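User: I would like to go through the labels attached to this model and see what each one rests on. Where should we start?

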Amino acid sequence: MQNIPVDVGRLGALMCVVPPEPRVNQDTGEVRKDRDGNTIYVVGISVRQRDNRRADVIEVAVPNEPRGIEEGIRVHVADLVAVAWEIEGRKGTSFRASSVTPSGVPAPGGMTSGRGKSPGGEG
């Protein structure tokens with residue numbers, strides 16, 4: 001599997017369209033956990049690229065249950081990574097992040113989301 005960092009500062013509006021729910025193993029029905037024993041939650045996020053009317057929905061996996069995330073609110077996604085995978089002849093891309101927080105709420109590390117400039121000065 002190849003991990004590809006995603007520059008969320010280059011993305012447009014991020015909005016929750018499916019509230020957090022635990023990721024469940026389809027075969028066993030068990031709730032999935034990460035290597036550290038944290039429950040993995042999945043959040044459906046609408047991504048609308050800047051200067052484009054088109055929006056896509058991605059499912060983002062995060063450790064532990066995100067707080068304050070409801071359908072229809074703008075969100076901040078920290079440390080977003082795209083993971084290219086291939087299993088039994090099927091290929092795809094999944095997404096994971098260290099956290100998903102309501103937009104405007106300080107993210108881990110003290111960064112905030114919003115309409116201001118990104119740390120690199122672009123935005």
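Analyst: With the strands, since loops are placed by them: a strand is a DSSP run of E with at least two residues, and strands are numbered from the N terminus. The model is predicted.

User: Where does Asn-64 sit in that numbering?

Analyst: Asn-64 is in the loop between S4 and strand S5 (75-78).

User: Why is Asn-64 called partly exposed?

Analyst: Its relative accessibility is 40%. Partly exposed covers the range between the 20% and 50% cut-offs, so Asn-64 counts as partly exposed.

User: What makes the backbone of Asn-64 worth listing?

Analyst: Its phi is positive, about 70°, although Asn-64 is not a glycine. Most residues other than glycine have a negative phi.

User: Which loop holds Glu-88, and what is its phi?

Analyst: Glu-88 lies in the loop between S6 and S7. Its phi is near 50°, again a positive value in a residue other than glycine.

User: How do you know whether Glu-88 is buried or exposed?

Analyst: The relative accessible area of Glu-88 is 80%. Exposed means over 50%, therefore Glu-88 is exposed.

User: What is the volume of the largest pocket, and which residues lie nearest its centre?

Analyst: The volume is about 1100 Å³. The lining has 33 residues, with Arg-23, Arg-32, Ile-40, Ala-61 and Ser-94 nearest the centre.

User: Which strands each supply at least two residues of that lining?

Analyst: Strands S2 (13-22), S3 (40-48), S4 (55-63), S6 (81-87) and S7 (90-96).

User: How do the lining residues divide by type?

Analyst: They comprise 16 nonpolar, six polar and 11 charged residues.

Terms used:
Residues are numbered from 1 along each chain as its sequence is written. This is a predicted model: local features need pLDDT of at least 70, side-chain atom pairs count only at pLDDT 80 or more; totals for chains, interfaces and linings use all residues. Side-chain values use heavy atoms; hydrogens and water are left out. On a 1 Å grid over the protein atoms alone, a cavity is a set of points where a 1.4 Å probe fits but cannot get out, and a pocket is an open set with protein on both sides within 12 Å along at least five of seven lines; lining residues have an atom within 4 Å of a point. Grid points are joined across faces, edges and corners, and a volume is the space filled by probe spheres set on the points. Helices (H or I, at least four residues) and strands (E, at least two) are DSSP runs, numbered from the N terminus. Ala, Val, Leu, Ile, Met, Phe, Trp, Tyr, Cys and Pro count as nonpolar, Asp, Glu, Lys and Arg as charged, and the others, Gly among them, as polar. Buried means under 20% relative accessible area, exposed over 50%, partly exposed in between (1.4 Å probe, protein chains only).
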